[in-house]
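Here are my notes on the model, set out as numbered points. Please read them with the structure open.

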Amino acid sequence: MKTKFSSILTLLLAFVVQITFAQEQTITGTVTDEDGLPLPGVNVLVKGTSAGTQTDFDGNYSITADQSDVLVFSFVGLTTAEYPVGNNTTIDVVLEADAAQLDEVVVTALGIERDKKSLGYATQEVDGSEVSDVPTTNFMNSLSGKVAGLKVKSSGTMGGSSDIVIRGNSSITGNNQALFVIDGTPISNATPNTAGQRSGTGGYDYGNAAADINPDDIASMNVLKGAAATALYGARAANGVIIIETKKGQKGKGIGISINSTLMTSRADKETLPKYQQEYGAGYGQYYASEDGYFSLYDVDGDGNLDETTPFTEDASFGAAFDPNRMIYQWNSIYPQLDTYQQATPWVAGEHTPNDIWETGSTAINSVALDGGTDKSNFRLGFTNMMTDGNLPNARMKRNTIKFSGGHDFTDDLSIGTNLTYIKSDGRGRYGTGYDSENPMQSFRQWYQTNVDIYEQRDAYFQTGENITWNPNSPTNLTPIYMDNPYWTRYENFQTDTRNRYIGNININYEINDIFSVLGRFSFDTYDEIQEERRNVGSSGVSGYSRYNNRAAEYNYDAILNFNHDIATDLNLDGNLGMNLRRNQNHSIRASTNGGLNAPGFYALSNSADPLNPPSEYDATSMVDGLYARVGLGYLDTYFVEGTIRRDRSSTLPKGENTFYYPSISTSVILTNAINADWLNFAKLRANYAEVGNDTSPYRVFNTYAISAPFAGQGIANNNFSLNNVELKPELAKSYELGLEANFLDRRIGFDVSYYNTQTENQITPVPVSNATGFGRVWLNAGTVENKGVEVSLNLNPIRSEDFNWNMNINWARNRSEVLELAPGIDNLELAGLQGGVSINAAPDEPYGAIRGRDYVYDDAGNRIVNDAGFYLRSATSNEIIGNIQPDWTGGVSNTFQYKNLSLDFLIDVQEGGDIFSLDTWYGFATGLYDRSVGPNDLGNPVRDAVADGGGVILEGVTEDGQPNTTRVDAGYYGTPFGYARDANKGHVYDASFVKLREASLTYAFGEEMIERLPFTRASISVVGRNLWIIHKNIPYSDPEAGLSAGNIQGYQSGAYPAFREIGASVKLNF
Amino acid sequence: MKKLLVTFIALSTLWSCQTDEQYEDLNRDPKNPTEVAADFLFTSASVNLADQLASPNVNLNITRFIAQYLTATTYLDEPNYDLNNRNIPQNHWSILYRNVLFNLQDAKERVQANEMLDEAQRSARIGQIEVLEVYAWQVLVDSFGDIPYTEALNGKDNSLPAYDDAATIYNDLLSRLESAHTNLGAGQGFAGSDVIYNGDMAKWQKFANSLQVRLAARTDNWSEVEEAVGRGVFESNADNATMDYQSSPPNTNPLWVDLVQSGRSDYVVANTVVDIMNDLDDPRRMVYFDDNIEPYTGGTYGGSNSFQSYTHIGPDFRDPTHTGILMDYAELNFHLSYAAMEGAGLDNDAEGYYEEAITASMEYWLGEDVDASGYLSQSEVAYDGSMEQLGTQFWIAMFDNPVEGWSVWRKFDAPELNLPEESGNPVPLRYTYPVNEQNLNEDNYDAAASAIGGDDQQTPLFWDN
């Protein structure tokens, strides 16, 4: 930690440079509103630069500027005013209410700038500071709770992926992630995780590619939610678009430097970790060799007599009650390498539980940006370094971003602009996920011995450098049976990855005349990545090394002709005619050693114990060319209507069906131009209808064979699991949307409400079929999913006084999805079959994402029925719907309190509903790890005692003949009614609701007086926090947001990671 | 202005001037072929079939448990006959239909369309394919009862295949074996890609006929047994249909994967087989079992067993190259003994076949030099003409062909198997249908379930009486 602070300081000092300007003078003045009240917090900027200040609480400002400068005064909801400096040293300003928000220009599809008031669809802007003030390694996580209808779910591991879905899942099996467009360049948001990782069989979460975006470079974001908003992007934007505009230098003069430095520390939130029982140790029950049945017998100390030992192979804690007077030969007594060899130790709970493995993590983000320009050109050059130390041992991530943007006007009519970004990200020791020995949480939540002290495991590993596990086969066979020493796992079996990424564009803009202009743009997003995974010799399972090399590239060529003309007084016609050619390339190769490693610790394919099997290769190029047109009409600046049409041709569809057309129409009316009421500042009604066609991924048309490793020199080919289809047609989404936005009472209250309905038809779906057909799935155009919902955002300004300002922003959204139909004869489509006997499904007449599994059996009154033995009856099949992954609603409340130079921001993020199946409690409740597996029963006896001794539990329910259950059953061994052996899956489905204090920050901005004495133009310091407090949740021992990976498989936890509280501080300086 | 518009459109068109054909070509996968030789599919199907028969994996094939040769140490669902927890019927069904039968059907079509082969070569190859197809169908019928047969394997042309009556399928399989015998004699079939007999067509014919004996004896169809024997069946262990596994993954015996490569300790030998063989003082124990403890002690079937405390499976079975068995000479002779006992007209008598069977098994496991006479003369082993004795000896011999071992027990109701310790569930008489058949092929599933008398583990197969 210390080294990090000092490096920041060095960095700061390096940039403390004085920059002086000629012909400067200080201008002061007061800014008031129309009623003469002083306005605090008005932005005062020297036009064309980033130099500026804000008015204080009396509306006063003071700024240094040249005589030739122009000052720009702006405040939300008021008209922006400009005043040339000239010889004035005092400029008092009156800002008027901005009745129609005429100046609010937003960036819409394809980078087209539009008056927000003319839009007939919902968009929601997010300022760049919203994602950079409380920084995270993945800026998407900062959007949670800030945009109505945008759901972000981080999967919880270091650098892990975040699921980002707008207005619900519309594609049954396809991609449902929002599209990111940065400065007009669509970028990849691929999640390079394996199918196994996504469905919980193990592997690492490598994060999603859009997380590469550096939050410090973001100026603003605009979220396009519906199909009408995104129609011009075509097929790929069917899931909504997040348009990101990055910071640019200003034309004008002078060079500005800004420096941001943040250091965050993170600690695991105990509320999201298991609580271990401290009363009983290793075992599954009472059936081992010792007299009492709880211990194994080996001659450990070599005296020829059998000794009581821990049942080493048993990864559960249904063993003997702890007794400090009882000496047992435990794992540390059987390894000759240890000082404790052949020594018995008291039978007590491990002093350090697995919860003590968590370290304090840290993230340091330092960025420097240089910007400026001349009257013809502008530039900005930014560098950001992010370093993360994870919370598990040996976990690190770093990312360096260099971004250049610049523009130049060759003539008044011809300008050129470019954005170039280079990003290098590295990961080491990402956390293993799912049901896999590389995920320590698999053991810590499901399979563990509570007598083990995790620090003793740590010391044993560091002393010997060997896999000294608590879980060996036997004293005579010390190889691990299931679980490795968790420190061995972290330090020996770690992965590494690197991604080099280049994103950029070049655009040329030519204004032909007052009406026409033309834009040409080339943009690219390319990256190379390598992922290397290791398992050292000596680990449980087969040792090995595997590497995955992937190269992905997307190139876009755009030409857009724009026109804008007042055809007649009060009648404006504008529009675009454009074409886009998109080429996507993907080449990857995954190779692994075969049969283990020969030499330990040497990770190369050449170290394979057996001859290598052929690596798997993927090589795909797809192209889509699109032509589109948009025409908009505006009448009296009050009535707006626009229509779009797009034609796409895609290489992923069969020849005869590869071209498809789709239209949209949208309209808006500025009601305030018709209604005149003092209390109403602005109101707009909007409506739209849109269709969007969609293609699919490559290689779903022609059937191919899978070639695998030869057998005895003979070639091996298999038919694929899925049957391709030469008759595929494009998908089609149809949607409509209605919306109303308004501002009242001097803009103290504002709202924006939308209702939408989208039906996605003809989905290109791998429909499961009877395997007796010879295939598992068939690609068909089948299935319709409907998503409909309401989004509300509310802006309140309850207090606006001279020294105190309170702003509140509330977002709320409710999406109802329903699978309207699947293919004929198919009444369920399994999205994933998961360990534990549950599955995630799309089933007709159900919301998308039904969780199926075994339920209890109920009587008519809804009571659970128990069998004669007193255990719950379970449904005969695993087909019962026992939950759904979709939340009922999501929302966020953010508050900003501003008192003089201090401002306090906090965000409360809420999700109501949605379900999670926990494999962790499914197994963990059957292994006796948790605190709830001990304690007294209804008789006051230990619940773990045998029923014969007064122990056990009576399950709440009724017998088959309807009488209340009175039969007590054993709960002191793995066959407890609460774990997988006897419980129904339903018993492990938890409500995913939460209320979280997601973000909080306290910022002090240095006042003008202090700034004048410092070499800065602006300076602020903040204390920030993320995920500070889970105010409410219903799932025990876990974070309701934890999951495996971004994607369609949600609502499932297996070896889940805890939530991490992050607290830190940041400094922002402008020179 | 018009000029500009025209230029723009012209440019745009130029930009996207690639033809639909060029677009479609991008969609042809350069890394996975659309065409392969029939040989690739034939080899693949052969290995897939042998793998599925040999695998002890709790997700794929639990017949080593069901027949009570092995039992589990800690995780007891499967030896207690919980078939659904791990979707075992679904995996078994899917491997046989997709990875074996569909590949074979595809290989057959490719052979038929192959102009490079002469008629005799085509026939011989089709014969080889047919034998394996019959084998896979027979395993499916013996596992489930009625199954989709005539309407199966049609891809999306029939995604709702109806189920056929099991007995009718058996009859069809018998006639297919008869014509396979003829085809196999026509010429040279697959040779290098034949990983079972390396192109020895005479052995393929014996295999076809021996398989016919299996099916016919199972259904007490003596005339078919007689015909098959008349055409020529296995004459020694040298004729066995086996799979020579390789030393490195993924081509090892699947036993090695779960017993050795996994590093786990999930299996011990079940007390059922150990107790019976201990009583008989059976010499094959030295191969079947490990001597990790003295004396041989099997784990309690279906109960929790400490790995250290019970007998492990023999070291031979933990060798990656351990031979997989599709059908052996011992099995043939047990079928023939049964047929002779029940009145089939054969050259040898029931006792002769019985002794030949046991001798073959002893020779297979202990070497050609073994003298089985001592064992054969033991009082419990010496032929007594009882179905119980025949069943017990047959079952012991099928230790490494557990799919057949399960059928032997069902056919002869011998030996007496244990009830699993944990649940006490009776031994399954069939697999229940895959869960996804209930969802994906519901009407046909319902019809089949009612036709066989209920989709239940305890519904007997048509030949199990």
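1. Of the 465 residues in chain B, 56% are buried (20 or more other C-beta atoms within 10 Å of the residue's own, against 12 or fewer for exposed and in between for partly exposed, with C-beta atoms placed from the backbone). This is a predicted model, in which local features need pLDDT of at least 70 and side-chain atom pairs count only at pLDDT 80 or more, while totals for chains, interfaces and linings use all residues. Residues are numbered from 1 along each chain as its sequence is written, and chains are lettered from A and ligands numbered from 1 in the order in which they are written.

2. Chain B holds 19 helices and six strands (DSSP runs numbered from the N terminus: H or I of at least four residues for helices, E of at least two for strands). Its C-alpha atoms fill a box of roughly 110 × 50 × 45 Å along the principal axes.

3. Helix α8 of chain B covers residues 201-218. Of its 18 residues, 17 are buried. Just after α8(B), B:Asp220 has a positive phi of about 55°.

4. In chain A, three strands make an open sheet of mixed pairing, in the order β4-β1-β7 (two strands pair if DSSP finds at least two bridges between them). β4 (60-66) and β7 (93-95) of chain A each have a single partner strand, so one side of each lacks a neighbour in the sheet.

5. Strand β1 (residues 24-33) of chain A pairs with β7(A) in the parallel sense over three bridges. A:Asp33 is opposite A:Leu95 in β7(A).

Notes: Expected span 1.5 Å × (residues − 1).
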